Amino acid sequence: MATGSGNVGSKETTNVSFVSCDFEVFGTVQGVFFRKHTQKEATKLNLVGWVKNASSGTVQGHMEGRKDNINKMKTWLRTTGSPKSKITKADFSNEKTITQLNGTSFNVNK
C-alpha cells in the first residue's frame, strides 16, 4: 500500500525503529566460509554490522536492522549457516531498539 509521500530513496527514519543484537554461533563454524555466507545473507536482508572468528572457536558478530529482518537472520544463524557448517547453538544478546543504524554495511572482521 503506497502512501504517495514522494520520499523515494530518502533515508528518513522518523517513524522507523531498528533493532540491534549481538550473536555468537557454536559448532563447526570456522574454516567453512561461515563469515562470508553470514555477510552475504545479512547484506541481502539490509542489515549492517560485522562478523568475526573468536579465539574460542565460535563466530561472533553484531547486527542492526528492521526487526523482521533481524528475526530472519537469527533463524538463518540458528539453522542454516554456510553449506559446510554444523551449527550446534546460536546465542543472541544485548537486543535493543535503536533509532538509527550505526553503519552502512555488514563487514567480515579479522
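This is a short dialogue about reading burial, contacts and annotated sites in a predicted model.

Colleague: Let's start with T38. Where is the place of T38?

Modeller: Happy to help! T38 lies in helix α1, which covers residues 34–44.

Colleague: And is T38 buried or exposed?

Modeller: The general idea is a cut-off: a residue counts as buried when its relative accessible area is under 20%. T38 has a relative accessible area of 0%, so T38 is buried.

Colleague: Which residues does T38 touch, not counting those up to four places away in sequence?

Modeller: Contact here means heavy atoms within 4.5 Å. With that sequence filter, T38 touches F23, V51, M73, W76, L77 and F106.

Colleague: Good. Now the annotation: which residues does UniProt list for "active site"?

Modeller: The UniProt record, an unreviewed entry, lists R35 and N53 under that label. The two span 19 residues in sequence, yet their C-alpha atoms are no more than 7.7 Å apart, so they gather at one spot.

Colleague: Where is R35 found, and where is the place of N53?

Modeller: R35 is found in helix α1, while N53 belongs to strand β2, residues 48–53.

Colleague: How should I read the accessibility of N53?

Modeller: Partly exposed is the class between buried, under 20%, and exposed, over 50%. N53 has 27% relative accessibility, so N53 counts as partly exposed.

Colleague: And what is R35 in contact with, leaving aside neighbours within four places in sequence?

Modeller: R35 is in contact with V51, K52, N53, V59, V108, N109 and K110. Under that filter, N53 touches V29, Q30, R35, T58, V59 and N109. You can see the R35 and N53 pair in each list.

Notes
Residues numbered from 1 in each chain as written. Predicted model: local features only at pLDDT ≥ 70, side-chain atom pairs only at ≥ 80, totals over all residues. Heavy atoms only, no water. Helix = DSSP H or I, 4+ residues; strand = E, 2+ residues; numbered from the N terminus. Buried < 20%, exposed > 50% of the residue type's maximum accessible area, 1.4 Å probe, protein only. UniProt positions renumbered as here; feature names shortened; annotations may be inferred.
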